[in-house]
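Okay, thanks for having me, everyone. I'll walk you through one model today, and you can follow along on the screen.

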Amino acid sequence: MTRPPFPHRHHLARCLLPLWFCLSALAASAQALPESISSALARAQLPLDAISLLVVDANGLSAPRLSYRAEVLVNPASVMKLVTTTAALDLLGPAYTWRTPVWLDGPVVNGVLKGNLVIAGQGDPALTLEKLWLLLRRVQGLGVQRIAGDIVLDRSAFAPPTSQPGDFDGEPLRPYNASPEALLVNFKSILMTFTPDPANRVARVQIDPPLAGVQMPSSVPLLSSASADGCGDYRGGLLADFSDPARIRLAGGYPMGCGEKLWPVAYIDPPSYAARAIEGLWRNQGGKLDGRVLDGRVPATSPSFWVSSPTLAEVIRDINKFSNNVMAQQLFLTLARNTDASSPASFESAREVLRGWWQRRIALAGTATQALPVPQIENGAGLSRQARISAAALGRMLQVAYLSPYMPELMASLPLVGLDGTLKRSRAALASAHLKTGSLRDVQAVAGYVHGSQGRHLTLVAIVNHPNAAAARSVLEAVVDWAAAEANTSGTNALGR
């Protein structure tokens with residue numbers, strides 16, 4: 001059931017934001033860039049019109065400290081995940097969980113299930129290998145050692161994907177390209193662990209999860225290290241071939257100096273992944289299956305048990321800290337599923353829910369005269385060439401979120417500059433900030449909150465769209481440092497503080 005929007009007792013946002021709108025109308029839209037930022041752009045060989053910027057007090061009390069091309073629609077890359085996760089916190093609430101129902105559709109007699117095991121996907125973004133193992137362990141805990149029927153998977157909660165994993169950038173084996181589905185098992189990926197065994201001159205290979213009907217190597221030759229660091233391009237040296245869904249080949253070897261390494265790879269045949277993983281893990285746990293794993297629908301009876309996901313607050317931490325694309329898409333589709341469970345959720349129905357939410361909560365935000373357009377959102381993850389939003393629109397949304405009851409959950413989900421997530425290696429020298437990053441070919445972006453030493457908090461949005469955007473990391477760090485210095489100033493702005 002859809003939760004109500006932020007409680008009406010939080011009138012502060014409605015009182016303060018119109019004041020910011022009036023003040024921002026007086027600010028020059030072509031405000032000159034600070035010298036530190038324009039110099040960073042020059043060093044990166046980026047023109048001044050490559051960047052859109054907004055730095056403004058998070059509480060909406062004052063005019064923007066910096067507004068530069070803030071009204072221009074730009075591609076935000078993964079910063080678009082902020083829109084998805086903010087809407088989800090508002091519409092679903094931070095304690096929301098996904099519940100995957102399981103049926104033992106028949107009696108259990110002497111360890112044999114005289115019927116089918118039925119699992120219905122409900123869009124859980126975090127149904128990992130460990131959670132699946134526990135689900136099947138729960139089945140065994142109910143006395144089932146052998147399934148006389150089939151394992152039936154109901155994936156009807158989401159519409160079938162209309163794209164292929166390699167459509168975006170031609171990299172179908174990259175886990176970030178996995179497409180969403182109602183029963184998303186372990187992100188449709190395998191994890192290969194390579195462990196040197198010098199005594200036997202091999203590297204042991206463990207591949208998880210075990211996939212039914214897929215041959216997997218258990219070891220590869222151990223090679224003397226040829227590179228200066230003792231490892232080099234170990235993945236290239238393995239001569240891996242993932243093109244055959246029924247067999248994973250490793251024709252090369254593994255350098256001794258690499259130590260233990262983990263290599264995640266998307267499975268080449270995504271539609272069969274869930275069935276292979278569930279059957280493989282069931283048999284790996286000692287279970288027997290007389291029938292097959294196939295698609296179907298749930299029985300009319302009540303589920304035998306449910307498997308719950310982590311809370312939404314925990315899920316958005318993974319989405320934003322590590323920019324998990326498929327989890328963001330699962331969440332985006334969940335917005336539609338939560339609004340109307342009578343039909344399969346699709347990206348189009350999710351976009352309709354997002355549009356309605358934006359119009360109610362963000363577009364006007366206390367004023368009837370300066371509505372900002374709904375973001376052009378494709379899949380909720382920002383893994384898109386068509387997605388568009390302005391720095392002004394994103395900044396307004398972040399201000400509304402800052403004044404909401406769920407601000408702590410949203411802020412805690414964002415990477416900390418220089419400490420964790422996608423910003424762990426940031427070299428921004430002055431900043432204490434929670435910021436979401438975005439990166440695509442031709443796009444680099446950051447957006448979130450910068451914290452001052454005296455309790456001030458600024459909303460920051462900085463988006464670079466340019467063929468040379470890959471060189472913009474130092475530019476964004478200069479923006480963050482400039483905003484941090486502003487947050488630490490002790491003077492007053494036009495309104496005073």
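Let's start with strand 19, residues 305–308, because its side chains alternate. Phe 305 and Val 307 point to one face and are buried, whereas Trp 306 and Ser 308 point to the other face and are not. And before I go on, please keep in mind that this is a predicted model.

So who does strand 19 pair with? That's strand 4, residues 99–105, and the two are antiparallel over four bridges. If you want a spot to look at, find Pro 101: its bridge partner in strand 19 is Trp 306. That is the Trp 306 I just listed on the face that is not buried.

Now for another bit of pairing. There is an open sheet of four strands, in the order 5-6-8-17, and the pairing in it is mixed. Which strands stand at the edges? Strand 5 (108–109) and strand 17 (288–289) do, each with a single partner strand, so each has one side left without a neighbour in the sheet. For strand 17 we can look at the join itself: strand 8, residues 146–147, runs parallel to strand 17, with two bridges between them. One bridge to find on screen takes Arg 146 to its partner Lys 288 in strand 17.

On to helix 10, residues 391–402. How many of its residues are buried? It's 12 of the 12, so helix 10 is largely enclosed by the rest of the structure. That list includes residues you might not guess, so let me read a few: Arg 396, Gln 399 and Tyr 402 are among the buried ones, along with Leu 394, Met 397 and Val 400. The length checks out as well: at 1.5 Å a residue, 12 residues should span 16 Å, and the end C-alpha atoms are 16 Å apart, which agrees.

Next, the cysteines. The model has one disulfide, and it joins Cys 231 to Cys 258 with an S to S distance of 2.0 Å. The pair links distant parts of the chain, 27 residues apart: Cys 231 is in the loop between strand 12 (219–223) and helix 5 (234–237), and Cys 258 is in the loop between strand 15 (254–255) and strand 16 (261–266). The torsion about the S-S bond is about 100 degrees, so this disulfide is right-handed. Are these cysteines buried or exposed? Both Cys 231 and Cys 258 are buried.

A few backbone oddities, then. Asp 208 and Pro 209 are joined by a cis peptide bond, with omega at about -5 degrees. Pro 209 sits in the loop between strand 11 (202–208) and strand 12.

Then there are two residues with positive phi that are not glycines. Gln 45 has a phi of about 60 degrees, and Ala 77 has one of about 55 degrees. Gln 45 is in the loop between helix 2 (35–43) and strand 1 (51–57), and is exposed at a relative accessible area of 67%. Ala 77, in the loop between strand 3 (73–74) and helix 3 (81–92), is buried, at 0%.

Last thing: confidence. The chain's mean pLDDT is 89, and 89% of its residues reach 70 or more. Where does it drop under 50? Residues 1–30 stay under 50, and the model has 56 contacts for them beyond four places in sequence. Residues 491–497 are below 50 too, with 13 contacts beyond near neighbours in sequence.

That's my tour; happy to take questions.

Definitions and conventions: Residues numbered from 1 in each chain as written. Predicted model: local features only at pLDDT ≥ 70, side-chain atom pairs only at ≥ 80, totals over all residues. Heavy atoms only, no water. Disulfide = S-S within 2.5 Å. Buried < 20%, exposed > 50% of the residue type's maximum accessible area, 1.4 Å probe, protein only. pLDDT = per-residue confidence, 0-100. Contact = heavy atoms within 4.5 Å. Pairing = 2+ DSSP bridges. Expected span 1.5 Å × (residues − 1).
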